[in-house]
Amino acid sequence: MGAAHTPVLLEEVVHWLRIRPEGTYLDATVGLGGHAEAIARQLTTGRLVGIDQDAQALEMARQRLRDYEGKVTLVQAQFSKIEEVARQLELAPLDGLLADLGVSSLQLDTPERGFSFRFAGPLDMRMDLGEESTASDIVNHTAESELADLLYHFGEERDSRRIARVIVRARPIRDTEHLATVVAGARSSRGRQKLHPATKTFLALRIAVNRELEALGQFLKSASATLIPGGRWVVISYHSLEDRMVKQQFVQGAREGVLQILTRKVLRPSDAEVAANPRARSAKMRVAEKLAPRLGAGPDPEEDFAWRRELAS
């Protein structure tokens, strides 16, 4: 698999999942199978289910996990369908649930997938190649005002209106390289730039093409129902929109007495991990534990106030 496919925060994931050899676990975004392999390695009579909407990634994960065939089941599905997958497989309530929300190395490093501005490739960006809408459809056919709003809300791009205007004038945008050049020419200069000028534009388009925030919202609302009391829920996110949604769902679950937040502050990769795997640099991990229901217990006013303050921070 190579260094480029190193799973992010692997030691932390294994530690916080608190894997039991006989337990049932689900990797909701199995990708190339790095985290799944580490989980499966610790199972004896237990079971691991891995789901992913990317058929190419799923096939590579299947090869990686072939030594654990009796313990691992792989399913092509979007992670928002977690409850449906659990019902179809007749899964026991989960001891642990992992969602790594990042784009896989396969997607980033394959020019034909169109996720990266590092290569000239088609403006695709579909995680599920069975879907119809591509980034080219959005870039070349969306109205300027709508495109500007998309870049602002999904990419948090402050120059969204200028970029949208320049994109519309440059149509048709041919490929990823062309788009990156157009966006770089539209961005205002604010001193030394840590990120490539097109980073936020590509992020916004990827989110829009795959309806990522909609899918994440569905996943967050339904995932805790699949866990047993005491089951651990680990989520790794890579940008502020995702992390904010995860934090809010965990806080809401804690206020309702459904979850206990185990990481009040996000966990980040060490400097050593980032040096070895630069793609880990923006990762943020949050962990919660499913609580047993409290019969007849209403929310404590002081706890309620504390969680409101936590949500606002």
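This report describes a sheet, the helices around it and one loop residue in a predicted model.

## The sheet

Strands of a sheet pair through backbone hydrogen bonds, and the pairing may be either parallel or antiparallel. In this model, seven strands form an open sheet in the order E3-E2-E1-E4-E5-E7-E6, and the pairing within that sheet is mixed. The edge strands are E3 and E6 (259–261), each of which pairs on one side only. From one strand to the next, the twist averages 20°.

At the E3 edge, strand E2 (residues 47–52) runs parallel to E3, and five bridges join these two strands. One position that can be found in the structure is Gly-50, which stands opposite Leu-74 in E3.

## Strand E4 and its partners

Strand E4 covers residues 94–100, and seven of its seven residues are buried, so E4 is largely enclosed by the rest of the structure. On one pairing, E4 is joined to strand E1 (residues 24–27) by three bridges, and these two strands run parallel. Here Asp-27 stands opposite Leu-98 in E4.

E4 also pairs with strand E5 (residues 227–237), again in the parallel sense, over six bridges. Within this pairing, Gly-96 has Arg-232 of E5 as its bridge partner.

## Helices packed on the sheet

Helix H1 (residues 10–17) packs on the sheet, where it touches E1, E4, E5 and strand E7 (284–290), and the direction of H1 makes about 165° with that of E5. Helix H11 (residues 212–223) also packs on the sheet, touching E4 and E5, and the direction of H11 makes about 160° with that of E5.

## Helix H10 and its two neighbours

Two packed helices are described by the angle between their axes and the distance between the axes. Helix H9 (residues 176–186) packs against helix H10 (residues 199–210) at an angle of about 130°, and their axes are 9 Å apart. Because of this angle, H9 counts as oblique to H10. On the H9 side the contact is made by Thr-176, Leu-179, Ala-180 and Val-183, while H10 contributes Thr-201, Phe-202 and Leu-205. Sorted by class, this contact of H9 with H10 has five nonpolar residues, two polar residues and no charged ones.

Helix H7 (residues 144–155) also packs with H10, their axes coming within 8 Å and crossing at roughly 95°. H7 is therefore roughly perpendicular to H10. The residues of H7 that make the contact are Leu-150, Leu-151, Phe-154 and Gly-155, and those of H10 are Lys-200, Thr-201, Leu-203, Ala-204, Leu-205, Ile-207 and Ala-208. By class, the contact of H7 with H10 divides into eight nonpolar residues, two polar residues and one charged residue. Thr-201 and Leu-205 of H10 take part in the contact with H9 and also in the contact with H7.

## A buried serine in a loop

Ser-80 lies in the loop between strand E3 (72–76) and helix H4 (82–88). The relative accessible area of Ser-80 is 10%, and because buried means under 20%, Ser-80 counts as buried.

The side chain of Ser-80 makes a polar contact with the side chain of Gln-78, at 2.7 Å, and another with the side chain of Gln-218, at 3.4 Å. When its neighbours within four places in sequence are left aside, Ser-80 is in contact with Ala-215, Gln-218, Phe-219 and Ser-222. Gln-218 therefore appears both in this list of contacts and as a polar partner of the Ser-80 side chain, while Ser-80 itself is buried.

Note on methods:
Residues numbered from 1 in each chain as written. Predicted model: local features only at pLDDT ≥ 70, side-chain atom pairs only at ≥ 80, totals over all residues. Heavy atoms only, no water. Axes fitted to C-alpha atoms, helices over the stretch in contact; angles between N-to-C directions. Helix = DSSP H or I, 4+ residues; strand = E, 2+ residues; numbered from the N terminus. Parallel < 35°, antiparallel > 145°, perpendicular 65-115°, else oblique. Contact = heavy atoms within 4.5 Å. Nonpolar A, V, L, I, M, F, W, Y, C, P; charged D, E, K, R; others polar. Buried < 20%, exposed > 50% of the residue type's maximum accessible area, 1.4 Å probe, protein only. Polar contact = N/O pair within 3.5 Å; in protein donor to acceptor, adjacent residues only side chain to side chain. Pairing = 2+ DSSP bridges.
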